Amino acid sequence: IPLHIVEGAVTDVRVPRNTTRSLLPFLQQANIQYTILISDLQEAIENQTGGRSHRNRRSLSEYNYELYHSLEEIEDWMHYLNRTSSDLVHMFSVGKSYEGRPLYVLKLGKRSRPYKKAVWIDCGIHAREWIGPAFCQWFVKEALQTYQTDPDMRKMLTQLYFYVMPVFNVDGYRFSWTNDRFWRKTRSKNMRFHCHGVDANRNWKVKWCDEGASLHPCDDTYCGPFPESEPEVKAVAHFLRKHRKQIKAYLSFHAYAQMLLYPYSYKYATIPNFNCVELAAYNAVNALQSAYGVRYRYGPASSTLYVSSGSSMDWAYKNGIPYAFAFELRDTGHFGFLLPETLIKPTCTETMLAVKNITLHLLKKCH
């Protein structure tokens, strides 16, 4: 049993097939309550990644948004939209990853006037949270498909730009497809410890490597050797700094917990514009619940989830972006990171309502 499991805590343990029989009697003897969530984890993983190269790779015009897609498929899809929807989509790169991959962003919106406020949306900071990139793609699809028919979407795309980064941690995401489905971090090398990666959501220059982050390179929450050590974080931070006067909201999509979080993550304190942010969060979770009755908890990240330093959300807020949110999408732990593809559509549909709600709140004056 891992040493960090303490009395009263709930934790997930992944157990090799051949040790399950010997572990269960031990848990019973030790009076440890347990639930088997997924009886064959390997099979569940293979169901999501197996036979992908031949599966549903029809033309990009028939792209299936109810499946998880590999990095290559997502990049092909972005190029396709850039070619076919150039009136509303402009694709660009903010830099390169540690392994040299482009960090692509889609700029969505009507070029109605030279200066417009903007919303930044990123998904996939943590590689294994596949529902994040699935939502980013869903958001783009909805924006393009409903622009003509939905007055709210038309208003959003006319009055604002959306910068959408479907996969923030491109190297880690690819690695989660090819090598380790539960990989979280980037893929930078640490020569001294022979461990790979930094937690890209602990690497930002805001109370860097304080509570909720680890100094050890082999840990999942390793903060890195210094702030913005990861080229992915550095590139996005540079872009956000450059456009901070324009960007009014920062939305980051994670999994899992069913929560809508706002600053601060690194301390228990109330943000100056708490009333406006709290109201936006309250309305957003109510909009989300209206679809399927799924209830999200909302509140400051530190008290609603846990204290963590060096997060992108805190950094965005500290750098002048007044509305900074992190979504923890479905579920609350049964499937965890292995959320089945059958749940992509309901998860994205309800999340879309929350995002539209926050965006429309932004366009109104809040005092």
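Here are three short exercises on charged side chains in this structure, each with a worked solution.

Before you start, note that this is a predicted model, where local features need pLDDT of at least 70, side-chain atom pairs count only at pLDDT 80 or more, and totals for chains, interfaces and linings use all residues. Residues are numbered from 1 along each chain as its sequence is written, and side-chain values use heavy atoms, with hydrogens and water left out.

**Exercise 1. Salt bridges**

Find how many salt bridges there are, and which residues are linked with Glu-99 in a network.

Step 1: Start with the general idea. Side chains of opposite charge can pair when their charged atoms come close.

Step 2: Apply the rule. A salt bridge is a side-chain nitrogen of Lys or Arg within 4 Å of a carboxyl oxygen of Asp or Glu. The count comes to 10 salt bridges.

Step 3: Look at Glu-99. Its closest N and O atoms to Arg-101 are 2.6 Å apart, giving a salt bridge. A network of salt bridges links Glu-99, Arg-101 and Asp-171.

**Exercise 2. Two pairs, two settings**

For the pairs Arg-174 with Glu-72 and Glu-350 with Arg-330, work out where each residue sits and whether it is buried or partly exposed.

Step 1: Arg-174 and Glu-72 form a salt bridge at 2.7 Å, N to O. This pair links distant parts of the chain, with Arg-174 in helix H6 (residues 170-178) and Glu-72 in helix H3 (residues 71-84), 102 residues apart. Helices (H or I, at least four residues) and strands (E, at least two) are DSSP runs, numbered from the N terminus.

Step 2: Glu-350 and Arg-330 form a salt bridge at 2.8 Å, N to O. Glu-350 lies in helix H11 (residues 344-363) and Arg-330 in the loop between strand S10 (323-329) and H11, 20 residues apart.

Step 3: Use the cut-offs: buried means under 20% relative accessible area, exposed over 50%, and partly exposed in between (1.4 Å probe, protein chains only). Arg-174 is partly exposed because its relative accessible area is 30%, and Glu-72 is partly exposed at 37%. Glu-350 and Arg-330 are both buried.

**Exercise 3. An annotated residue**

Describe the surroundings of Glu-328, which an unreviewed UniProt entry annotates as "active site".

Step 1: Treat the label with care, as UniProt annotations may be inferred rather than shown by experiment.

Step 2: Place the residue. Glu-328 is found in strand S10 and is buried, with a relative accessible area of 10%.

Step 3: List contacts (heavy atoms within 4.5 Å). Not counting residues up to four places away in sequence, Glu-328 touches residues including His-254, Ala-255, Tyr-296 and Leu-305. The side chain of Glu-328 also reaches the backbone nitrogen of Ala-255 at 3.4 Å.

Technical notes: Polar contact = N/O pair within 3.5 Å; in protein donor to acceptor, adjacent residues only side chain to side chain.
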